[in-house]
Amino acid sequence: MQLKVVILPYESAHYTVVLDQTVAKKLDLKPNDRVRVFSGSREIIATVTIAKDFPQDSVGIYTNASRILQVNEGEAVHVEPTEPPKSLDVIRKKLVRGKITFEEAMQLMRDIVGGLLSEVELAALVTAIHFQGLSIDEAYNLTVAMVETGRRLSLNRPTILDKHSLGGVPGDKTSLLVVPIIASLGFTIPKTSSRAITSPAGTADRMEAIAPVNLPLEEMTRVIEKTNGCIVWGGALNLAPADDIIIRVEYPLGIDPFFVPSILAKKLAVGSTHVVLDVPTGRGTKARTLEEARRIAHDFIELGSMLGIKIQAVSTYAEEPVGYAVGPALEAREALQALNSLKPLDLVDKAVSLAGTLLEMIGIQNGFDVAFEALRTGKAEKKFRQIIEAQGGNPGIKPDDIPLGEKTLTVYAEEDGFVYYIDNPTIALIGKTAGAPIDKGAGVLLHVKIGDKVKAGDPLFTVYSYSSVKIQAVEKIVETLRAVGIGKIAGRKMMLEKITFVPSRPLLER
């Protein structure tokens, strides 16, 4: 059937078209059935949304589909029913505990990248894998298929180093130090990074407060060839693109069953040969204990070995934020300061430890000392400024040049004592409520760390925002949640809280 195009001015997660109910009946189509839409040699397979009182001579097409078809408003396209994608059989197979072969993994990833699977169908796949898990062979098949259905970075260098953190700890801006340390020593480190999803800042958000990160693959290659390193947003590169689509489905479900193949696909796509895997260990992270950290590390190391990637996992302390700054601009400022002043100590120690581990993986003796010397002598800062310039930023930027939100709220200690805990989830919540990461200048600046001695009236942390309304929302959080705990003795306070029980109804009614 030939229909006129109505451009729907939105992006859809997968290809979708809108048809009037009368047209759908003529074509014997029901909601979520598939149609082939084509114009000349260009075509898409899309799911059907049926609308009442939509023009009967037209088909509604979202902007991302119109770009593929290269059609404009009012132009004619052909619409005909078609069979559902073959990858639905793979999803059904996984739902009944079948194993995904390499050919099936390739079919899945091609259909995901091609926009052929709906969010409901992807959610079924994600849920099945969450509850049934993946064998090591399935994880390998899916990882390679993710890479094969996207672009790859070709640097023609025998050794390519990389670093990845599993996240979960606020303020972890270590990549902004690790990359220039490694690059300043003459080694290649192409860091593709994510934006924050559930935290106040991702590495790409931090770097974007200093320099552009939305670089295409060709520009990323030029930066690396010039400086040995980069820090760019992976979403602009089309590296393992199926992964980005899967993540959009995982996020609202609150599950992440693809996380090992997801991470290693991105590393394989940039040609990484050696990867240091940072496994933050503590409350609120994927690894709450050292035993959990070891288990996760073993999965990565085994799959990495099958892919030809050498991985060294490192469990790192995650019971408080890294450094004092949480939020894109605040963290970018602190990273610049650390490259120059070697403070704060916990940030420097973690970054140098990770960089040193990478160096020892390729045969450099005393990696920590070599990495620290690159930092102490200013080589790393000089290299970072070269990377900033190559990515289109100002190489002379100073920490104070990075703007912060002008609305502030400072929280003060109510008693004398010692800081015995800083609650990461609450600090992250405050930063996000203040506007981070969308508002780059929003976030939290801590004035204390665990073990510090404070007096009543001393500042504990300051919140930055561009909005008075958001500051008011932060005030409500501060009234109900305790972000910083203070005790009378140094170290841990063993009794955290007296829990009172207020029954909502008489016990005998339960």
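Below are five short exercises on this predicted model, each with a worked solution.

Residues are numbered from 1 along each chain as its sequence is written. In this predicted model, local features need pLDDT of at least 70 and side-chain atom pairs count only at pLDDT 80 or more, while totals for chains, interfaces and linings use all residues, and side-chain values use heavy atoms, with hydrogens and water left out.

**Exercise 1. Domains**

Task: State into which domains the chain is divided, and how far apart the C-alpha centres of domain 1 and domain 3 lie.

Solution:
- Take the bounds from an automatic or database domain assignment.
- Domain 1 covers 2-82, domain 2 covers 161-230 + 274-399, and domain 3 covers 404-487.
- Between the C-alpha centres of domain 1 and domain 3 there are 50 Å.

**Exercise 2. Helix α7**

Task: Decide whether the residues of helix α7 are buried or exposed.

Solution:
- Fix the element: helices are DSSP runs (H or I, at least four residues), strands likewise (E, at least two), numbered from the N terminus.
- Fix the cut-offs: buried is under 20% relative accessible area, exposed is over 50%, and partly exposed is in between (1.4 Å probe, protein chains only).
- Helix α7 spans residues 175-184, and ten of its ten residues are buried.
- Among them are S175, L176, P180 and S184.
- G186 follows α7 and has a positive phi, near 90°.

**Exercise 3. Cis peptide bonds**

Task: Locate the cis bonds at P344 and P437.

Solution:
- From K343 to P344 the bond is cis, with omega near 5°.
- P344 sits in the loop between α13 (328-341) and α14 (345-361).
- From A436 to P437 the bond is cis, with omega near 0°.
- P437 sits in the loop between α17 (424-434) and β15 (443-446).

**Exercise 4. Positive phi outside glycine**

Task: Place D28 and Q70, then classify their exposure.

Solution:
- D28 is not a glycine, yet its phi is positive, near 60°.
- The loop between α1 (21-26) and β3 (34-39) holds D28.
- D28 has a relative accessible area of 64%, so D28 is exposed.
- Q70 is not a glycine either, and its phi is positive, about 55°.
- The loop between α2 (63-69) and β6 (76-81) holds Q70.
- Q70 has 55% relative accessibility, so Q70 counts as exposed.

**Exercise 5. The setting of K266**

Task: Describe where K266 lies and which residues K266 touches.

Solution:
- K266 belongs to helix α11 (residues 259-269).
- Its relative accessible area is 15%, so K266 is buried.
- Contact means heavy atoms within 4.5 Å.
- Leaving out residues up to four places away in sequence, K266 touches L239, A240, D243 and D244.
- K266 and T143 are 123 residues apart in sequence, but 8.9 Å apart in space, C-alpha to C-alpha.
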